[in-house]
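Let's take a walk through this protein together, from the empty spaces inside it to a few residues worth a second look. Have the viewer open and follow along.

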Amino acid sequence: MEMKKRITLELRNRAPEKVTELVLDNCRSSNGEIEGLNDSFKELEFLSMANVELTSLAKLPTLSKLRKLELSDNIISGGLEVLAERCPNLTYLNLSGNKIKDLGTVEALQNLKNLKSLDLFNCEITNLEDYRDSIFELLQQITYLDGFDQEDNEAPDSEDDDDEEGDEDDDDEDEDEAGPPGEYEEEDDEDDGGSDLGEGEEEEEVGLSYLMKEEIQDEDDDDDYVEEGGDEEEEAEGIRGEKRKRDPEDEGEEEDD
């Protein structure tokens, strides 16, 4: 009872027109229905009611967009014609573990034109001779019966398909993050450019030190030049001094003459 009440409250508290997937496994039905599950679930695409003690589908609501229906481990023995009327777009139907015994009961599924996969595992009907061939002949629209096609090829697991798609997406993301090979080449070029700049900087430093040495030498040369110039001036002044000393004597000699 607690499980039933909890499921009922959850159904009432959710906006049914926005629900696309609904799992009601292990709750308990009352008089062949689950309280709260009604026609307002117009967008529902996946419904699971495993082990809810359903005896029939007479009170199943109209779910025109429903594609997958899980009804395993219930007590359903007939009345499958209701599915074509209320869930006409079903592609997957699981009736394993129910009380279906004969081909006449399954014949009502012929009107499910989009049905591709049917599961009757653990139903009494599977004990019939040529069970698989008979079902595939009766329901020519289906591809898989109890998880295998007519050639005994296993049906793909939808979860595995999702994982494979996820792996492909991850690979694409990794490739995007890694980037195409060209980007690596450009980065290498940039690294080479950086090393060239480094060498240039070293050369520039060597050049500066060399210039500084030249400036020092130039300053030393200038000092030498100034000193040499001073000596010349002193020599010139000495000559002029001698001339001054000689001039009066020369004048005296001229006066004597």
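A cavity, as the word is used here, is a set of grid points where a 1.4 Å probe fits but cannot get out. Keep in mind that you're looking at a predicted model. The idea behind the probe is simple: rolling one the size of a water molecule over the atoms shows where empty space is left. Counting cavities of 30 Å³ or more, you get 2, and the largest has a volume of about 80 Å³.

What lines that largest cavity? Its walls come from G32, E33, I34, L37, M49, L54, S56, L57, K59, L60 and P61. Sorted by class, that makes 7 nonpolar, 2 polar and 2 charged residues.

Now zoom out to the fold. The protein has 6 helices and 6 strands, and if you read along the sequence they come in the order α-β-β-β-α-β-α-β-α-β-α-α. Of the 257 residues, 26% are buried. The exposed surface is about 17,700 Å², with carbon and sulfur atoms supplying 42% of it. Take the contacts between residues at least 6 apart in sequence: 49% of them join residues at least 24 apart.

Next, the inside. In soluble globular proteins, nonpolar side chains tend to be buried together. Here the largest nonpolar core has 42 residues, and the ones with the most contacts inside it are L47, M49, L83, L93, L118, L120 and I135. Two elements each give two or more residues to this core, namely α2 (81-86) and α4 (131-138). Of these, α4 gives the most, with 3 residues.

Pick L47 and see who it meets. Beyond its neighbours within four places in sequence, L47 is in contact with L22, L24, L37, L60, L63, L66, K68, L69 and E70. Two of those names, L37 and L60, also turn up in the lining of the largest cavity, and M49, one of the core residues with the most contacts, is in that lining too.

For a contrast, try V23, in strand β1 (residues 21-23). Is V23 buried or exposed? V23 counts as exposed because its relative accessibility is 51%, and the cut-off for exposed is over 50%. Leaving out residues up to four places away in sequence, V23 touches F46 and S48. Its C-alpha atom is 9.1 Å from that of E70, a residue 47 places away along the chain.

The loops have their own stories. N114 sits between α3 (103-106) and β5 (117-119). At a relative accessible area of 33%, N114 is partly exposed. Beyond four places in sequence, its contacts are P88, N89, L90 and T91. With P88, 26 residues away along the chain, the C-alpha separation is 7.8 Å.

Finally, a look at backbone angles. Most residues other than glycine have a negative phi. Which way does N122 go? N122 isn't a glycine, yet its phi is positive, at about 70°. You'll find N122 in the loop between β5 and α4, where it counts as exposed at 56% relative accessibility.

D146 is another non-glycine with a positive phi, this time about 55°. D146 is in the loop between β6 (144-145) and α5 (158-178). Despite being in a loop, D146 is buried, because its relative accessible area is 18% and buried means under 20%.

Terms used. Residues are numbered from 1 along each chain as its sequence is written. Side-chain values use heavy atoms; hydrogens and water are left out. On a 1 Å grid over the protein atoms alone, a cavity is a set of points where a 1.4 Å probe fits but cannot get out, and a pocket is an open set with protein on both sides within 12 Å along at least five of seven lines; lining residues have an atom within 4 Å of a point. Grid points are joined across faces, edges and corners, and a volume is the space filled by probe spheres set on the points. Ala, Val, Leu, Ile, Met, Phe, Trp, Tyr, Cys and Pro count as nonpolar, Asp, Glu, Lys and Arg as charged, and the others, Gly among them, as polar. Helices (H or I, at least four residues) and strands (E, at least two) are DSSP runs, numbered from the N terminus. Buried means under 20% relative accessible area, exposed over 50%, partly exposed in between (1.4 Å probe, protein chains only). Contact means heavy atoms within 4.5 Å. Accessible areas come from the Shrake-Rupley method with a 1.4 Å probe; for residues, only the protein chains shown count as cover. A nonpolar core is a set of buried Ala, Val, Leu, Ile, Met, Phe, Trp, Tyr and Cys residues joined through side-chain atoms within 4.5 Å.
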